[in-house]
Amino acid sequence: MDNCATGYWILLLEEEGYLRMASQMIDTVELKNKSYQCLDNCAMCCLCQPEISGEELARFKKHGLTAGLTREHTQGYTTDKPTAIKLQGGNGACHFLKDRRCTIHEQRPAFCRQFPVHVHALHRIQLNGNLSCRGITLGDSTLLKHGEEVLSSISQEHMDQVMAEVSQRLSQFQENAENYEVYQSLERLRETVTALLPNLAEEGGIGRLLAFADSEPVIQDMPSAEIVDMILGCDPADDLQNVASKGNYEHLNLDNPAGLPAYVGSDFQWLVYRSEDSQIVFYKLEPDGALEKFKEIDLQDIELMQPDPQALIVFAGYAALLNSRDQFLGYAYQVCHDQEYAYDLMTVYLGLLATTLLDLWWRSCLIGRLLGKKELDKELAEEGIRAFDMDCLDMPTMGVFF
Ligand code: SF4
Ligand code: SF4
């Protein structure tokens, strides 16, 4: 960790995937045992709009790069000074991408240096690996090594400042949730899902969880084992196909081309897609933002194929990953807050897990239709995760990404 010499923070120990810094506990478990290599000709992450900090703005000014910056964000808001890089044509690749290579490699902002790692702050700092990156699991270098380099670029002062802000927000959230008698500790939330995981890898697992969350159960101090028994006692929701089709159709009904989800397959073709009329339409995306219709798939043809046993294991593994991600916990906190504490936090957490897994299942089947696959096997389930994880990590969180 070269930059430790700056003295901003000091690595004190590494144990079981936890790095303890001078004042923060940092969870790196998600990056362990994964290899990583950035792939030539991919540039999938250069389809996102990188935001820049004040410090980076000064650097861009110094190097005469401000023509590539904008005040207007693709997410629809405007700032009083440039805080993001322009996308070519408003919805294409990053302004600085040419022939799928970064032309400002030495000056690229933190978002680009970090990718496919994200640093998230909630109850602690946690490193996540963006599984939409096809370079994860390839190459000789480890993702953890990349994560450590990312950490070394963040000053202790900045980390402490962000953690102090998040901690204040969390205290307020906990106070509100306790006042409304809907609070559950993170340990109980995670322990319950861990107990449930073997059942999620079985046929009907997601349907039972969804039916349970929809029944708005009274949870309060009920032991985790009893909650799991209640879930297992539910009949699987019988309209999963409708719920998945309707939910995803609405979610993908986007006007702004800059907001369309991207899918970059093994041929590295850039595709974006959205729902139109009664179809999901895939477009080939050119760097300058031009869209060429590529494939239309009727919504009714995207059937939830039954995952084979290996695919079920992949989905259950993803459920375990969500349950370990603080960002997903922060998503549940945010939804609980947005719903004005009307539902028990356990119900919110389990309901979000169910709908997220259902979306992943549906997305895998959509990609299956695109690729002409007739079975939902391990390979397609993993491809579904590649198509989905970017959007999943983009869900709102009460925490903060650095
Ligand atoms: S998505 Fe991954 S492999 Fe592709 S350019 Fe980005 S970091 Fe490299
Ligand atoms: S600055 Fe470079 S690395 Fe970052 S998105 Fe743009 S082209 Fe890609």
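These exercises walk through a predicted model, each with a worked solution.

**Exercise 1. Judge how far the predictor trusts the model, and find where pLDDT stays under 50.**

Solution.
- Start with the whole chain. The average pLDDT is 91. A score of at least 70 is reached by 94% of the residues.
- Now look for the weak stretch. Over residues 1-13, pLDDT stays under 50. The model has 23 contacts beyond four places in sequence for this stretch.
- Draw the lesson. Where pLDDT is low, the predicted coordinates should not be read in detail.

**Exercise 2. Decide whether the radius of gyration of the chain agrees with that of a compact globule.**

Solution.
- Count the residues. There are 402.
- Take the expected value. A compact globule with that many residues would have a radius of gyration near 21 Å.
- Compare. The chain has 21 Å, so the two agree.
- Add the outline. Along the principal axes, the C-alpha atoms fill a box of roughly 65 × 50 × 45 Å.
- Look inside. Of the 402 residues, 37% count as buried.
- Check the contacts. Take those with a separation of 6 or more; residues 24 or more positions apart account for 69% of them.
- List the parts. The chain has 12 helices and 14 strands.

**Exercise 3. Describe the surroundings of ligand 1 and ligand 2 by residue class.**

Solution.
- Take ligand 1. Its surrounding residues include Cys38, Cys42, Cys45 and Cys133. Phe115, Pro116 and Arg134 also surround ligand 1.
- Sort that shell. Around ligand 1 there are nine nonpolar, one polar and one charged residues.
- Take ligand 2. Among the residues around it are Cys46, Cys94, Cys102 and Cys112. Arg108 belongs to this shell too.
- Sort again. The shell around ligand 2 has nine nonpolar, no polar and one charged residues.
- Return to ligand 1 for a backbone detail. The peptide bond from Phe115 to Pro116 is cis, with omega near 5°. Pro116 sits in the loop between α2 (110-114) and β8.

**Exercise 4. Work out how β12 and β13 pair.**

Solution.
- Locate the strands. β12 covers residues 279-285, and β13 covers residues 291-298.
- Find the sense. The pairing is antiparallel, over seven bridges.
- Pick a facing pair. Ile280 in β12 stands opposite Ile297 in β13.
- Close the turn. The two strands form a hairpin with five residues between them. Gly289, in the turn, has a positive phi of about 95°.

**Exercise 5. Classify Leu322, Asn33 and Glu340 as buried or exposed.**

Solution.
- Recall the cut-offs. A residue is buried with 20 or more other C-beta atoms within 10 Å, and exposed with 12 or fewer.
- Leu322 lies in helix α9 (residues 309-324). It has 20 C-beta neighbours inside 10 Å, so Leu322 counts as buried. Beyond its neighbours within four places in sequence, Leu322 touches Phe328, Leu353 and Thr356.
- Asn33 is in the loop between β3 and α1 (54-62). It has 10 C-beta neighbours inside 10 Å, so Asn33 counts as exposed. Its phi is positive, about 60°, although Asn33 is not a glycine.
- Glu340 is in the loop between α10 (326-338) and α11 (345-371). It has 9 other C-beta atoms within 10 Å, so Glu340 is exposed. Glu340 has a positive phi of about 55°, and it is not a glycine.

**Exercise 6. Find the buried residues of helix α3 and what covers them.**

Solution.
- Helix α3 spans residues 143-152. Its buried residues are Leu143, Leu144, His146, Gly147, Glu148 and Leu151.
- The cover includes β3 (25-27), β8 (117-121) and β9 (125-129).

Terms used
Residues numbered from 1 in each chain as written. Chains lettered and ligands numbered in written order. Predicted model: local features only at pLDDT ≥ 70, side-chain atom pairs only at ≥ 80, totals over all residues. Near = placed C-beta within 6 Å. Nonpolar A, V, L, I, M, F, W, Y, C, P; charged D, E, K, R; others polar. Pairing = 2+ DSSP bridges. Helix = DSSP H or I, 4+ residues; strand = E, 2+ residues; numbered from the N terminus. Rg over C-alpha atoms; globule rule 2.2 N^0.38 Å. Contact = placed C-beta atoms within 7 Å. pLDDT = per-residue confidence, 0-100.
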